[in-house]
Amino acid sequence: MTDGGGPGLREMRWWDIEPVLELERAVFPEDAWSPGMFWSELALAHGPRRSRHYVVADGPGGAAAGYAGLAVAGDQADVQTIAVAPDRQGTGLGARLLTELLTAAGVAGCGEVFLEVRVDNTRAQRLYTRFGFEPLGIRRGYYQPGNHDALVMRRTAPHDHPDES
Ligand SMILES: CC(C)(COP(=O)(O)OP(=O)(O)OC[C@H]1O[C@@H](n2cnc3c(N)ncnc32)[C@H](O)[C@@H]1OP(=O)(O)O)[C@@H](O)C(=O)NCCC(=O)NCCS
């Protein structure tokens, strides 16, 4: 899918944390991640025991247009976060970010990818459903403050040749 020649995706680095935080606070006003959370995630994104995969899309004037992150643990992965700037939403950038994370999960050999999404975030859920995620269950009060419930979703890696063994 294309977003009409939108920005390329690149690895998120520590110098991206400031613009990413600005976008984070704009799209998650109730429960934005702290700077420390991004720092500790990026600390796990390098080296031989690397377990995180974070990408960012550049916006105008040094702003971030979107970002997303994946955590890998064995043969499972979790979508840690994904966000697109309000004025870029609906252009396909979210789909490109998610594609990048699923590709990274595949390269890491993950058969399953999990995520949590607010039960009232139907737009994000539509995106995930389009990519093959299925609802698994509800986590009550997962999002604090605010006490919002989370829908847990899972995507099982498609098998190219399911009949072969
Ligand atoms: C959820 C989110 C990441 C999706 O990102 P996005 O860039 O808007 O996603 P896409 O553009 O790929 O797809 C969204 C919609 O735009 C449509 N779209 C995609 N490309 C398009 C284009 N070129 N022109 C018009 N519409 C387009 C898609 O069909 C899709 O439609 P749908 O919502 O009816 O299914 C974004 O809305 C967001 O950041 N929301 C706030 C943060 C958030 O909720 N994050 C998820 C937390 S779990």
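Where is P145 found? In this predicted model, P145 sits in the loop between β6 (134-143) and β7. The peptide bond leading into P145 from Q144 is cis, with omega near -5°. That same loop, between β6 and β7, also holds N147. Phi of N147 is near 60°, so here is a positive value in a residue other than glycine. Most residues other than glycine have a negative phi, and most peptide bonds are trans. N147 counts as exposed because its relative accessible area is 51%, and the cut-off is over 50%.

Now for the interior. The largest nonpolar core has 28 residues, and the members that touch the most others are L70, V79, L98, V113, Y128 and F133. At least two residues of this core come from each of β2 (52-58), β3 (64-73), β4 (76-84), α3 (93-107), β5 (112-118), α4 (122-130) and β7 (148-156). The biggest giver is α3, with eight residues. A second core, separate from this one, is made of 14 residues, among them M12, F38, A64 and A83.

Y128 is worth a look of its own. Neighbours within four places in sequence aside, Y128 is in contact with I82, L98, L115, V117, F133 and M153. Y128 is also one of the buried residues of α4, the others being A124, Q125 and L127. These four cover an arc of only 160° around the axis, which means that they lie on the same side of α4. The other side of α4 has R126 and R130, both exposed. As for what the buried residues of α4 pack against, the partners are β4, α3, β5 and β7. After α4 comes G132, with a positive phi near 95°.

Helix α2 can be read in much the same way. The buried residues of α2 are F38, E41 and L42. Their arc around the axis is only 95°, so they fall on the same side of α2. The cover over the buried residues of α2 includes α1, β2, β3 and β4. F38 turns up again in the second core, alongside M12, A64 and A83 among others. W39 belongs to α2 as well, a helix that spans residues 35-43. With a relative accessible area of 44%, W39 is partly exposed. Together with W14 and W15, W39 forms a nonpolar patch on the surface, and the three have about 400 Å² of accessible area together.

Then there are the charged pairs. The count of salt bridges comes to eight. In one of these, the side chains of R118 and E30 meet, at 3.3 Å from N to O. This pair links distant parts of the chain, 88 residues apart: R118 is in strand β5, and E30 is in the loop between α1 (17-27) and α2. E30 has a relative accessible area of 44%, so E30 counts as partly exposed.

Another salt bridge brings together the side chains of R154 and E112, at 3.2 Å from N to O. Here too the pair links distant parts of the chain, with R154 in strand β7 and E112 in strand β5, 42 residues apart. Why does R154 count as partly exposed? The relative accessibility of R154 is 29%, and partly exposed is the class between under 20% and over 50%. E112 is partly exposed too, at a relative accessible area of 21%.

D149 and R140 form a salt bridge as well, and their closest N and O atoms are 2.8 Å apart. R140 is exposed, with a relative accessible area of 66%. Finally, R10, D16 and D58 are joined into one network by salt bridges that share partners.

How values were computed: Residues numbered from 1 in each chain as written. Predicted model: local features only at pLDDT ≥ 70, side-chain atom pairs only at ≥ 80, totals over all residues. Heavy atoms only, no water. Patch = residues over 30% accessible without salt bridge, like charges linked within 9 Å, V, L, I, M, F, W, Y side chains within 5 Å. Areas by Shrake-Rupley, 256 points an atom, 1.4 Å probe, with all protein chains shown as cover. Salt bridge = Lys/Arg side-chain N within 4 Å of Asp/Glu carboxyl O. Buried < 20%, exposed > 50% of the residue type's maximum accessible area, 1.4 Å probe, protein only. Core = buried A, V, L, I, M, F, W, Y, C linked by side-chain atoms within 4.5 Å. Contact = heavy atoms within 4.5 Å. Arc of directions from axis to C-beta.
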